[in-house]
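Work through these exercises with the structure open beside you. Try each task before reading its solution.

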There are 2 protein chains.
Amino acid sequence: MKRKILPLLTALLCGLSSNAAYADGLISNVNGITLDEEGKVIRFEAMLIDANGNVSQLLTSKDKAPKQLDYNHDGKGQIMLPGMIDAHGHVMGLGFQLLTLDLSGTNSLEEALAAIKKYAADNPDRKWIIGRGWNQEKWGLGRFPTAKELDSAVADMPVWLERVDGHAGWANSMAMQIAKIDEKSVSPNGGRIEKIDGKPIGIFIDAASELVQKHVPVPLPRDRDLALAKAQEKLLSLGITSIADMGTSIDDWQAYRRAGDAGWLSFRIFGYAAGTEEMVKIAGPGPTPWLYDDKLRLGGVKLYLDGALGSRGAWLKKPYADAPTQTGLQFLSFSDLRNYMARAAMDGFQPAVHAIGDAANADVIDAIEDLSQTYGGDRRWRIEHVQIVDPADLPKLGQHGIISSMQPVHQTSDRLMAEVRLGQERLNGAYAWQSIIKAGGRLALGSDVPVESADPFAGLAAAISREDADGQPFGGWLPAERVTREQALAGFTIDGAYAAFAEKKLGSLTPGHRADFILVDTDPLLASPSQIRKTKVLETWVGGRPVYNHIKKMDEK
Amino acid sequence: MKRKILPLLTALLCGLSSNAAYADGLISNVNGITLDEEGKVIRFEAMLIDANGNVSQLLTSKDKAPKQLDYNHDGKGQIMLPGMIDAHGHVMGLGFQLLTLDLSGTNSLEEALAAIKKYAADNPDRKWIIGRGWNQEKWGLGRFPTAKELDSAVADMPVWLERVDGHAGWANSMAMQIAKIDEKSVSPNGGRIEKIDGKPIGIFIDAASELVQKHVPVPLPRDRDLALAKAQEKLLSLGITSIADMGTSIDDWQAYRRAGDAGWLSFRIFGYAAGTEEMVKIAGPGPTPWLYDDKLRLGGVKLYLDGALGSRGAWLKKPYADAPTQTGLQFLSFSDLRNYMARAAMDGFQPAVHAIGDAANADVIDAIEDLSQTYGGDRRWRIEHVQIVDPADLPKLGQHGIISSMQPVHQTSDRLMAEVRLGQERLNGAYAWQSIIKAGGRLALGSDVPVESADPFAGLAAAISREDADGQPFGGWLPAERVTREQALAGFTIDGAYAAFAEKKLGSLTPGHRADFILVDTDPLLASPSQIRKTKVLETWVGGRPVYNHIKKMDEK
């Protein structure tokens, strides 16, 4: 694959200063929709792209098309939208999901065990069986699965499977033996070894996962390159042209750079480093420039303040409704959170803090209030997930330019579990999209891929309906928190760009922006949620170049 | 500085595909000298440079200059040479030498202590006083200096000073306290804590240095950027346009990339990673492409098999003449050396193994013989330094395409010390340049900067004379090992390029090569060694662009 893309991309790389690489062109006969930088809807019938791969003009039927064109691409009357921006995902996580055992489609423990057994039989050369995507809630298990159950599928190879949210791991007995886990093993800070009668059952929450994870063979660079190529192919096929990569490691970064250097990086990655050490290692004294024709930048840092709700790692103000002795996990002390955020802010990096529980959200809001005194200007402090917020804290999300980076599909996946974990009275501030907007906050929407599918049309549908793929609950869960179609589209386009300091380049098809667009068969401003879910992406273009076509793959392998 | 260079270099980066960035030009009225790829001398009077920054034609007075020129630069009758290639240096080591205390000019312990005391007084805000360049042999001390002596200069701040060869460190008492070094401290593998009557004296040889080094604050990325800028300025002013960086860390690499990304990298770095782990981290599944218009590549790995002669770390077959119980340090076991070399070779990386003592050289030659069975083709196995070779092993340096990467000035600096360390009978295979060439070997010459000055004209003079800067010993030390002027020039140009797989691009001014050249006031093929040493570099050009001028700095700060 790489070899064929190389000449194409080499031209791309030098496009900005060379007229040879690009040509002026027209995408005509489209039903075009975009938002401008203020969120206003613009409809158009054709789009002119300049020699730099930027939008130069939007045309309606009244406008005359210019005569001198290097190409005229017929949009065949389809819907044109800006390329979707996923404001929160894990690029390499998706890539490795596509390369390893994926349990996200399993609906019961038995189904999962069968899939694991088959995968092990199909891959006898693997030193470890690695996978992810299990969800005991979806299985209706009412408890965690165990190492013994896993042994019944595979006992003669170590098996290590991440939960769907990445906040728990499930090991078989051989994996635990290798990791020397036994009754004497103690839960580390920020994590928990699940035990019954003092015996580890095979489930490791948050930081405890590292006890097993560190024994898993590290992927080779060629594995990483393959994973990146797979992730890219997947995202482009879903209409995603840009993604915020939440937790970029130096090894991830080096893979992105290899792709950029070799000329096959075809989507845009907004990197948020996995902690301040990786941030300094990757970017040095400040954010990197936009590299590879605006395909790659390290502009911020991802910090984890708590875990996830499913594994009861979310840090709550009051105990879990279904576990009265637990309030979740606080990963960073009061002072550590502020120190890391300040470390980033002082060098112009953008902190993006994972906060799911109401205690975590309260603490990061408080930290932003503190730090805003010292680090002024246009900072765009990001909170990732913002799932459970004390209603008393909601108004604060409209202050200090805070961006609430939220994932609509999490709401539809989580709602039953959230009701059990939180109880009814705490749901008022749960997944409170419209309340945040009304408080003056700004939403950037995403998928948290590979925790959920990256499909942005599932996200748009969930955002406007708060119904799941089966239309449940009818009318939407806490429907006052639905957003409008325009708000949802903004969250997946121009506001996602804004959240990464890219709104002048990306997220809108108004002139001067990059010609990142998709052709689809459904109008998200008119269709029903269930129609939106079924949206078919026909073509994806990045920087005025076609990079995906549903009929013929752009780059044959 | 960066801001001004940016537009210039952005154009440069896209030069290959854009005619706008470059122009066809002539460098006229020069006394031009180059070697072709076979080492044959070519003289010329003018050079045409094409729009890509490559040499397109060499002209003599008989040739007609083309009429259509974008520029015609008058060489004012000066000598034009290819840009010098330093086949072995430490870019960041040079940069930090220029930013920290430099003791390389001190001629006695007293002088050094005075310099240290002054530097500490001038830099009261430093947490540690860091420096390098001391040499107890040059001071005529006959022993190592001690912590107590260092305390007499600075006692209230930790002080840590590397020996000139980088193979020993000198700490004061406060530095040793911080590092918790006392009578109970044990020398690590591959290193030695120097003790007298069981008490550490403050000197740490090779791997023992890490015991103190790990407590020294790590430089910040902005410090690295500044160091790189200083190193670049220095190298270009000396006429060096390319350097093999022997021991590139990921942090070094990230600084090089920052310079490339920001557009101010103006010389060429051939990176050899600091070990196989850094190699994989930096480059991944194979060597990187040539980046930034051939300015940067990670193509190999540096491995250390032994230490240095001055600190008695060189691994000898028989004991040191002046230390009958010691045979030096073997850093890698028989199998580790072969494993690391194979790890590199299997992915197409080029191993470059530091070997100074005759036992080390014998072992690496033996390893190359073994590995050549499995890893065939054009491998260009490199041995770095090749200082002391058993005459019985010399013929083997002509086999398997081995490159002997040697530093002429080391010979003149070391000769008295080498006589003491080795005794007369072992000198036959010492710094045996001409014997290696006669055996069919290939020399790549360098400086080992910052161990020695990077000045390539000092290297050329030493290579052809084996006399030091004072002309001692008259007629040269073991003069049979002198090389011819043409051999010396090849070692600093086309053979240095060959040693980095770059001879098709660099090292010669024949058509198709990069227009990397210097204008100097002295003809190295005609002048006396002492005249060559005084050579003045007037201009330095890289890729057809001026990057240094002795009168006006190209990029004003």
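**Exercise 1.** Which residue in β24(A) is the bridge partner of E539(A)?

*Solution.* The bridge partner is N549(A). Before going on, note that this is a predicted model, where local features need pLDDT of at least 70, side-chain atom pairs count only at pLDDT 80 or more, and totals for chains, interfaces and linings use all residues. Residues are numbered from 1 along each chain as its sequence is written, and chains are lettered from A and ligands numbered from 1 in the order in which they are written. Strands here are DSSP runs (E, at least two residues), as are helices (H or I, at least four), numbered from the N terminus. Two strands pair if DSSP finds at least two bridges between them.

**Exercise 2.** Place strand β23(A) among its partners.

*Solution.*
- Step one: take the partner β22(A), residues 517-520. It pairs with β23(A) in the antiparallel sense over four bridges. L519(A) stands opposite E539(A).
- Step two: take β24(A), residues 545-549. Four bridges join it to β23(A), and the two run antiparallel.
- Step three: look at the turn. β23(A) and β24(A) form a hairpin with two residues between them. G543(A) in the turn has a positive phi of about 55°.
- Step four: ask about burial. A residue is buried if 20 or more other C-beta atoms lie within 10 Å of its own, exposed if 12 or fewer, and partly exposed in between; the C-beta atoms are placed from the backbone. Five of the six residues of β23(A), 537-542, are buried, so the strand is largely enclosed by the rest of the structure.

**Exercise 3.** Describe the two open sheets of chain B.

*Solution.*
- Step one: read the order of the four-stranded sheet. It is β5-β4-β1-β6 in chain B, with mixed pairing. Here is the general background: strands of a sheet pair through backbone hydrogen bonds, either parallel or antiparallel.
- Step two: find the edges of the four-stranded sheet. β5(B), 55-59, and β6(B), 71-74, each have a single partner strand, so one side of each is left without a neighbour in the sheet. Neighbouring strands of this sheet are turned by 15° against each other on average, direction ignored. Such angles run from 0 to 180 degrees between N-to-C directions of axes, which are lines fitted to C-alpha atoms, for helices over the stretch in contact.
- Step three: check one pair. Four bridges join β4(B), residues 46-49, to β5(B), and they run antiparallel. L48(B) stands opposite Q57(B).
- Step four: turn to the six-stranded sheet. Its order is β3-β2-β7-β22-β23-β24 in chain B, again with mixed pairing. The edge strands are β3(B), 41-44, and β24(B), 545-549, each pairing on one side only. The twist averages 25° from one strand to the next.
- Step five: check a pair here too. β22(B) and β23(B) run antiparallel, joined by four bridges. F517(B) has W541(B) as its bridge partner.

**Exercise 4.** How do α14(A) and α15(A) cross?

*Solution.*
- Step one: take the geometry. The axes of α14(A), 456-465, and α15(A), 485-492, come within 9 Å and cross at roughly 145°.
- Step two: give the hand. The crossing is right-handed. The rule: left-handed if the near helix is turned anticlockwise from the far one by less than a right angle, right-handed if clockwise.
- Step three: list the contacts, meaning C-beta atoms, placed from the backbone, that lie within 7 Å. P456(A), G459(A), L460(A), A463(A) and I464(A) in α14(A) meet R485(A), A488(A), L489(A), G491(A) and F492(A) in α15(A). These divide into seven nonpolar, two polar and one charged. Ala, Val, Leu, Ile, Met, Phe, Trp, Tyr, Cys and Pro count as nonpolar, Asp, Glu, Lys and Arg as charged, and the others, Gly among them, as polar.
- Step four: look at burial. A488(A), L489(A), A490(A), G491(A) and F492(A) of α15(A) are buried.

**Exercise 5.** Is G32(A) buried or exposed?

*Solution.* First locate the residue: G32(A) lies in strand β2 of chain A. Then count: 23 other C-beta atoms lie within 10 Å, so G32(A) is buried. Among its contacts beyond four places in sequence are R43(A), L58(A) and L509(A).

Conventions
Contact = placed C-beta atoms within 7 Å.
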